[in-house]
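The following exercises concern helix burial, helix packing, chain contact and overall form. Each task is followed by a worked solution.

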Amino acid sequence: MKLFDAVKTYDYRSLLKHNETFVFFVLLGFSIVVTIINPSFLSIENLFDLAKSSAGMAILAIGVFIVLLSGGIDVSFTAVAISAQYIAVKTLIILGIDNLALAFLISCSVGIALGSINAFLISIFRLPTLITTLGTLSVFHGGLLEFVGSTPFYSGQIPDCFKSFGLAQVFTLVREDGTKFGLSLYVLIILGIVVVTWIILRYTMLGRGIYAIGGNREAAERAGFNITRIQFFIYCYVGFLAGIMAIMHLAMIRYATPTLSIVGTELSVIAAVVLGGARITGGSGSILGTLLGVALIVALQKNLVLMGLSSYWHQFLVGLIIIVGVSITYYQSLRRSQQRVVFTEEL
Amino acid sequence: MNENLLEIRNVSKAYVGVQALDKVDMTIRKGEIHCLVGENGSGKSTLIKVVAGVVRQDEGEIIINEKLYRYLHAIDSIREGVQIIYQDLSLFPNLTLAENISLNQEIERSRKVINWKDIKEIARHALDEIGEDLDLDERVENISVASKQLVAISRALTQDAKLIIMDEPTSSLTRDEISRLFNVITDLQKRGISTLFVSHKLSEVFEIAERVSILRDGKMVGTFNTEELDNDRLVYLMTGKKVESTIYKFDEKKKKAPLIEVRNLSKSRNFKNISFSVQEGEIVGITGLLGSGRSELALALFGMFPADSGEILLEGKRVSIENTQDAINAGIGYLPEDRLNQGLFIEHSITRNIIVTILEKLLNKFGFISAKKREELVHEWVNRLKVKTPNVESPAQSLSGGNQQRLVLAKWLATNPRVFILDGPTIGVDIASKATIHQIVRGLAENGMGIIIISDEIPEVLQNCNRVLVMAKGKIIHEVKDVTSVTEDEVFSIMSRKEAYEAV
């Protein structure tokens, strides 16, 4: 009887309100379906592979998540990433230097520099973030193709340091037939970024400032937060993350083309973040949710064909996810504002 | 105890062409509850901003804690213990109560790192000081306006407040919540903290204030002990004119078939079995606490929030009202409670705001809007409702609160409604404009319109309506047939008494 009461009084709605729970169960359900069709889906090897291939998107998603949290939106991060990548690899090839640290340094510097252009436009001129970054997306990408170059670099031209980085593993396991597979170093990098970002958001005044301006910008100003500085941090951090992602991406595919390899995936990344429960109007969401959102989007991407659907479905679903995600946020805020006037109990 | 905490001396401030403050003097004593009253545009908010150090005065000086400031910076003001609670409360809806209360202090101390234990302790301590126990882990967006108010006060206390300035704190609170707020203010007083209470609700001024300062057109009319004043005198001092209050009389003999009749109208969770009718020339008041269902009922009648069941009859004919277009076609007009969001296109011109409801009537034979018809109509309504504006092409936001409300009236009256519902018609409107609006409404009723006034200001409905319906928990619990037979207190106790709740 007591157990029954406890079951009855537990507020399931509060659990369901957590988007993470919801996304987790969708992911679980999806995995079960895919595993039934293809039992190797849930193999350790495949999961390791999924982790590696979603690392890049996860890093970009964390950047987008922070921007959304502050009440803004950034769509230029893919152009930042491709610029960082291409400039870094081209410099290394021209100089004939084979050094991964230098590659990261160049890539992240380019990322931060381009991010600060966004930050400058947004914080000093107070331009709307969507329009600004839509503009810079085009400016950065067009500028790269015109001023830096548009010829791709193929596997043979790419310095060896990228190849070894792409193959680096935290540990290796041996298959039954004696060949080896392992967990990519990428997983550690993403873990590091998650921890750093989490600490910034949770335990620094800067991080709370990001939440604050996403919740109520005017109140944040009155409370004494330096909004310009916070926005500079946000957009530079997105650029920095794009710089890291750029090198990881290059090391994985070992082919650098400035035309259309990363640019064009903005919507998938934003969809992942929205799916993970970040409110598009700012102020709310979690890193865990963002990662789950990325996992779901990548799982979709990888398995649609397996499930007998054309890969165009991916594009279709990404758009749908954004619309549904935004609708849910809107509906929830509508419900909240109505609850304020209606009674809590039934008449 | 008679020491002055704050002294404002000879302060003047002019904005382009407008003298917002003209040689204003005012003092606030330690531990005093002081009210600042004045009509919209009298300079109240400019004065507060000068004290906050947000606006710099052109002339004059400010003395806080015996320190003289020629120019007061925002940071000085905070350091001297002045805390302002703005009307919008400046809270972060997405953060917890604990953070909302403690963050400002942490910023002021230039903390770079967050210690969550400290955050909670500061918040818990501040809430204890005002004797409130709220869930510190709850997000602010999930709590009531009254609780938000308490959070804002607690936040002020974390910064060693000596003077808390509250800008119109009661505008969205119910009677009970206001009493709770007043208890908190009196508690603060016992601890030597002064409160400057900015309000235009006079009954509250008399309830809480020890002294009252009155601003009119940027000039300080004077500071008075509350005992020296009564309602009429205060209104006179604020407006410079006598405002007559008479009761609206409806001629029972004219009684005909009802204009609008509502039968058993229900909407789940909002209101249940509402039946009433309104005759030609009647002004019927509906009053009740926030959440009694009064505004929801109005929205249902206007089709914005359609009812689940029940009937609405207009001049004896059953009409179905599923959306606002149905309501307008049936001859129902609605003046919304929140005129800024629902009533006006605030950035658009006065002309556009007036014609928006009746564009079809202005079309010429080619299907375009006739400039001549448009100008005639706008001219007519601006004159009839005495909207004060130099230019009908200026944006609606350039008008004062009272004139904006008249503009919303004009917009709906242009549709020639048979039944006109006014929800909180004088919220945020100053006294003189209030009287004008009431006069206009009476005039409409005398010309045969049926009027429903929804308001939580009991004096407003008792004075302007010939009948008053009292709502509680979604039901009509009482009907006042003769408004001269009851007092304000009696109506108030009907709508808030326990039995009323238990009876339904």
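**Exercise 1.** Determine which elements cover the buried residues of H10(A), and state whether H10(A) is largely enclosed or not.

*Solution.* The model is a predicted one. Step one is to list the cover: within chain A it includes helix H4 (44-69), helix H9 (186-203), H11 and helix H12 (227-253). Chain B also takes part, through its helix H3 (97-108). Step two is to identify what is covered. The buried residues of H10(A) are A:Gly207, A:Arg208, A:Gly209, A:Ile210, A:Tyr211, A:Ala212, A:Ile213, A:Gly214 and A:Gly215. Step three applies the criterion that a buried residue has 20 or more other C-beta atoms within 10 Å of its own. Nine of the 11 residues of H10(A) are buried, and the helix is therefore largely enclosed by the rest of the structure.

**Exercise 2.** Describe the side of chain A that touches chain B.

*Solution.* First, count the participants: chain A contributes 23 residues to the contact and chain B contributes 25 residues. Next, assign the chain A side to elements; those giving two or more residues are helix H10 (205-215) and helix H11 (217-223). Of these, H10(A) gives the most, with six residues. Finally, sort this side of chain A by class, which yields 11 nonpolar, seven polar and five charged residues.

**Exercise 3.** Characterise the packing of H5(A) against H7(A).

*Solution.* Two packed helices are described by the angle between their axes and by the distance between the axes. Here, helix H5 (residues 77-95) and helix H7 (residues 129-148) of chain A pack at an angle of about 20°, and their axes are 8 Å apart. Angles under 35 degrees count as roughly parallel, so H5(A) is roughly parallel to H7(A). Their crossing is left-handed. From H5(A), the contact draws on A:Ala79, A:Val80, A:Ile82, A:Ser83, A:Tyr86, A:Ile87 and A:Lys90. H7(A) supplies A:Leu137, A:Phe140, A:His141, A:Leu144 and A:Val148. By class, this contact comprises nine nonpolar, two polar and one charged residues.

**Exercise 4.** Is chain A as compact as a globular protein of its length, or less compact?

*Solution.* Begin with the secondary structure of chain A, which comes to 15 helices and two strands. The radius of gyration is 22 Å, close to the 20 Å given by the globule rule for 347 residues, so chain A is as compact as a globular protein of that length. Along the principal axes, the C-alpha atoms of chain A fill a box of roughly 75 × 60 × 35 Å. Buried residues account for 41% of the 347 residues. Lastly, among contacts in chain A between residues at least 6 apart in sequence, 75% join residues at least 24 apart.

Note on methods. Residues numbered from 1 in each chain as written. Chains lettered and ligands numbered in written order. Predicted model: local features only at pLDDT ≥ 70, side-chain atom pairs only at ≥ 80, totals over all residues. Helix = DSSP H or I, 4+ residues; strand = E, 2+ residues; numbered from the N terminus. Rg over C-alpha atoms; globule rule 2.2 N^0.38 Å. Buried ≥ 20, exposed ≤ 12 C-beta atoms within 10 Å, placed from the backbone. Contact = placed C-beta atoms within 7 Å. Nonpolar A, V, L, I, M, F, W, Y, C, P; charged D, E, K, R; others polar. Axes fitted to C-alpha atoms, helices over the stretch in contact; angles between N-to-C directions. Parallel < 35°, antiparallel > 145°, perpendicular 65-115°, else oblique. Left-handed = near helix turned anticlockwise from the far one by under 90°.
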